[in-house]
Amino acid sequence: MNKIKTHKLWGRVWSFVGFSVMAGTLSAQSPLPDSLQHNDIQPVESHLLAIPPTEQVGAVSSVSGSELYKTPTANLSNTLYGLLPGLTVIQGSGEPGYDGASLYIRGMGSYNGGSYAIFVDGFQTTWAYFQYLSATEIETVSVLKDAVSLASLGMKGANGALWVTTKRGNQQKPTVRVQTRTGFQKPIHLNKPLDSYGYATLYNEAYSNDNGRVWSPVYDAADLQSYQNRSGINVDWYDEVLRSQTPFTTTDVQFTGGNEIVRYFVTTGYMNSNGMYDVPNDDTHSNARLQQFNLRANVDFNAFDIVEGKIDMGGRTEDRRFPNYTGNDLWQNLATYPNNIYPVKNPNGSWTGTLNYPDNPVASIHAKGYNSTHDRTIQANFALKEKLDFIQKGLYLRQAISFSTWSRGSYDVTRNYARYIGTVRQTPDVDTDYSIDDDWGTNQWSYNHWLVEAGYEASFGANKLHAVVNFHQSTFKNDANTNNIAGINTEYANQHLSARVHYSHNDKYLADLALSYSGSDNYAPGNRFGFYPAIGLGWLLHKEDFLSELTYINFFKVRASAGLSGYDGDVGSRRYLYQRYYSGLGSYPTGNGDPTWRQGQGELYTPNRQIFAEKSLKYNLGIDLTLFRGLDISIDAFMDKRSGIPTTDNSLSAVFGATPPIGNIGKVDNKGGELSVQYRGKSNEFGYRVGAMASYAINRIKHMAEVTPATPNIAQTGRAIGTRFGYDAIGFYDVTDFDGAGQLLSSIATPSFGAVQPGDVRYRDVNQDGLIDERDMIKIGKPWLPSLTYAFTLGFDFKGFDLSILAQGAGGHSIDLLEASDQILAFNNFGNAYDIANKRWAYYPSEGIDTRNTATYPRLSTVYNLNNYQSSSLWVKSANFLRIRNIELGYRLPASLLDRIKIRDARIYVSGVNLFTFSKLTDEYGLDPETLTGYPGLKSYNVGLTFSF
């Protein structure tokens, strides 16, 4: 393993002998209601200054843990919808333990993707650690977005960062706080196929289309009648496999207190989330479920008014269980197995199954056993801060270390079963006994940090100065990643030297200078370090005399920043691109007689010793306003100019003779803006708040050395990342488009996808050459990532009652219906048919069937139709949507009642999550706009109680 060698610069830093914390400075940008506002954010101590919020010049959005707690969910990422301007959240699977959302900070700045950095209490950690933190242990989650906030992260800052702070103790009497809630979850939406009658009716038509358009029904009138009167086989596989609802429960207990010397925050919690599978939990069966126990203890202490210390311990266990046959395979079967293939069981009680449909969905969860995993995660942080006032007032030294570990063990109880129709076995499978496989924990990772920091704070009349410099080193070792080209045991090493200076004059003119010298072992020796500077300026206009008479302006800050960040992530699964790698390439014969063929080896790609981290030059301009003592407004505009994106150089001529190298040649521009508005007011005992936020980001590929496309119309360069290309569908071929022999008329462009017939999709001949091929492809849709994310909030409180509503939506993106092909392509690969197929093109006058004037779906077929299933404007649709994410109604019990039972405060509430969705995609095609296939996203109904004493 190649690690960072000690640079001569580090020799000068080594003398500090201590440790420091890696982070970005939080700055003020108003988010949404109950998030932290610029006038009520508490300064967050980082390794780079604790600047008063009113003086911060960066772009950072923050939300409180109490706001996140309003969304009952196992995965923290699913609590972030619509609460943080600049953060796009896309819901994924609802399966317990595998239900993480996808997060993007200010859109996408690189076509290589790339992850944002995640920090918990000042130390970088993994997505796995972050996503199952409990909202009850969190003080704030912030999004760092601009150059000043990110410059200190060096090679970790280009894609933004999530900054999490956990709760800490206060100087107060010991307090115990209990939070418990329970409820049930159910799918937001399930797109069920047609029943047996609908399936058989359309299948007759599809088979006839494939038989020369001669009416040739497979299911006769008796079959159809049996399906109609329910005497025939009509199994709703979704109803047989899934429960109508499933429970969810969390309970947390917090202990807070302290004095001038020691302060503490301790919390312990339990969470139980069950899946949708209708199967018992016992020694040989299991529903999908996640059980989690978490514990956190944060302690702060002072010694002799000179030393401040922190000890943070956070840990949890996660136990997952799920049927041995689940995931994509089971959900694909639910989507594609027709209702009429066979009953759930044979009359003798054996499981049904055939060669074409071997995995009976009910048997899959009842007869194959279960899998389980046990995860253990721990993070431990230790920090000391020494005040060096005896040397120079305001001078301090700070050291910190952090250790994080995760491990996973699996325990599986599995078997197989025989498939029968009646008493005849249909597949080679046989009934087996249960077997047990226990790997005793073979997957693990560890993340270790140490750092040292020196800082200085001083005031000189009207001038204030905050300065800090630190050195940080981290190593991450992953023994679970089998996809990385560097091998299963992968280690990452980074070093950073960071500094920041904050200056203010008269408490209204602000300036920040931040920089880091950052290195990664991902690059060749001598080429591992980069310099990342940033500058930020701020002006508090409301303190100027020329605005002093405008009493309705209570706060007015203008801020701007510019600077450089980097990203040292893997390119796909590849690291160390300066090294030479080989892979199997063809084979060659050896021997004098019959040849023996041997595996050939060749370079995977040409190594590049100059490869380096991609660069992000960021600009940000922002305004923060408070008007009429209740209206908070924050506006940001940004530009991210990405360069040096590692890219395969396809511009090289084929005479190069080898796989081209990956070089820092890619360029992308990403720009956009954010707006958040909130108004709070009160009339007598009636309080109210209204808020809205919107985030917009759009990118353009400036250069990517792509392979020259067949037509400039489908060049990715100059387009947004993920732009959809395909054919322009202009309707369906009609019977009049063919001659008497069934051949397409010569006046009509010939498609290159095989023979067509009436009812097939007809495409526009863009280049007018008489042939439909890739040279006729054009842009047909927007990228899959929303360019616009927005939210609205509304809240009321009156005499102990409170009501809050959060609605969130997204727009400016497209999906291709073919991505949900199991629910779109009727009868494909022995598959099912859905309601969308009822809108097919059909013409059988003898049967009274003629849909030519109303069809929006091509003719049906029992085989894959290459022409009809091309990516085209027929299938690409807008994925815009609006969801009611959260509604909560609560009541705070009166103090007069609580005093009698020695309770300090108590609140009961009911809530609903993801209750309503407004989307044409759902209304017209039966698809959820965020979770197209697989385990659905979930809605929930909950009741909760919070009290303290």
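## Two loop residues with positive phi

At 77% relative accessibility, Phe-304 counts as exposed in this predicted model, and the residue sits in the loop that runs between strand 11 and strand 12 (307-323). Its backbone is also worth noting, since phi of Phe-304 is near 60°, a positive value in a residue other than glycine.

Lys-799 offers a second example of a positive phi in a residue other than glycine, here near 50°. The loop that holds Lys-799 lies between strand 36 (788-798) and strand 37 (801-811), and the residue is exposed, with a relative accessible area of 51%, a value that falls in the exposed class because that class begins over 50%.

## Patches on the surface

A nonpolar patch on the surface is made up of Ile-311, Met-313, Ile-378, Phe-382 and Phe-403, which together have about 410 Å² of accessible area. Strand 12 and strand 13 (369-387) each contribute at least two residues to this nonpolar patch. Met-313, one of the members, is found in strand 12 and counts as partly exposed at 36% relative accessibility.

A patch of another kind, positive in charge, is formed on the surface by Lys-671, Arg-700, Lys-702, Lys-779 and Lys-782. Within this group, Lys-702 belongs to strand 29 (residues 686-703), and with a relative accessible area of 49% it is partly exposed.

## Aromatic pairs

A search of the whole structure finds 42 aromatic pairs. One of them joins Tyr-203 and Phe-827, whose ring centres are 5.2 Å apart and whose planes stand at 90°, so the pair is edge-to-face. Because Tyr-203 lies in helix 5 (residues 196-210) while Phe-827 lies in the loop between helix 10 (821-824) and strand 39 (843-844), the pair ties together parts that are 624 residues apart in sequence. Phe-827 is buried, with a relative accessible area of 2%, and both rings of this pair belong to one aromatic cluster, formed by Tyr-199, Tyr-203, Tyr-219, Tyr-227 and Phe-827.

The rings of Tyr-277 and Tyr-935 have their centres 5.9 Å apart and their planes at 90°, so this pair too is edge-to-face. It links distant parts of the chain, with Tyr-277 in the loop between strand 10 (262-274) and strand 11 (289-303), and Tyr-935 in the loop between helix 12 (920-925) and strand 44 (938-948), 658 residues apart. Both Tyr-277 and Tyr-935 are buried.

## Salt bridges

The count of salt bridges in the model comes to 51. In one of these, the side chains of Arg-320 and Glu-318 meet at 2.9 Å, taken from N to O; Arg-320 is buried, with a relative accessible area of 3%, and Glu-318 likewise counts as buried at 3% relative accessibility. Glu-544 forms a salt bridge with Lys-508, in which the closest N and O atoms are 3.3 Å apart. This pair links distant parts of the chain, with Glu-544 in the loop between strand 22 (529-540) and strand 23 (553-567) and Lys-508 in the loop between strand 20 (490-505) and strand 21 (509-520), 36 residues apart. Glu-544 and Lys-508 are both buried.

A further salt bridge brings together the side chains of Glu-614 and Arg-642, at 2.8 Å from N to O. Since Glu-614 lies in strand 26 (residues 614-627) and Arg-642 in strand 27 (residues 631-648), the pair ties together parts that are 28 residues apart in sequence, and both of these residues are buried. Salt bridges can also be followed through several residues, as in the network that links Arg-106, Lys-145, Lys-557, Arg-559, Asp-624, Asp-636 and Glu-674.

## A buried phenylalanine and a long separation

Phe-881 has its place in strand 42 (residues 881-892) and is buried, with a relative accessible area of 5%, which puts this residue in the buried class because that class covers values under 20%. The C-alpha atom of Phe-881 is separated by 42 Å from the C-alpha atom of Val-413, and along the chain these two residues are 468 residues apart.

Definitions and conventions. Residues numbered from 1 in each chain as written. Predicted model: local features only at pLDDT ≥ 70, side-chain atom pairs only at ≥ 80, totals over all residues. Heavy atoms only, no water. Patch = residues over 30% accessible without salt bridge, like charges linked within 9 Å, V, L, I, M, F, W, Y side chains within 5 Å. Areas by Shrake-Rupley, 256 points an atom, 1.4 Å probe, with all protein chains shown as cover. Salt bridge = Lys/Arg side-chain N within 4 Å of Asp/Glu carboxyl O. Lys, Arg positive; Asp, Glu negative; His and termini not counted. Charge placed at Lys NZ, Arg CZ, Asp CG, Glu CD. Helix = DSSP H or I, 4+ residues; strand = E, 2+ residues; numbered from the N terminus. Buried < 20%, exposed > 50% of the residue type's maximum accessible area, 1.4 Å probe, protein only. Phe/Tyr/Trp six-rings, centres within 6.5 Å; stacked < 30°, edge-to-face > 60°.
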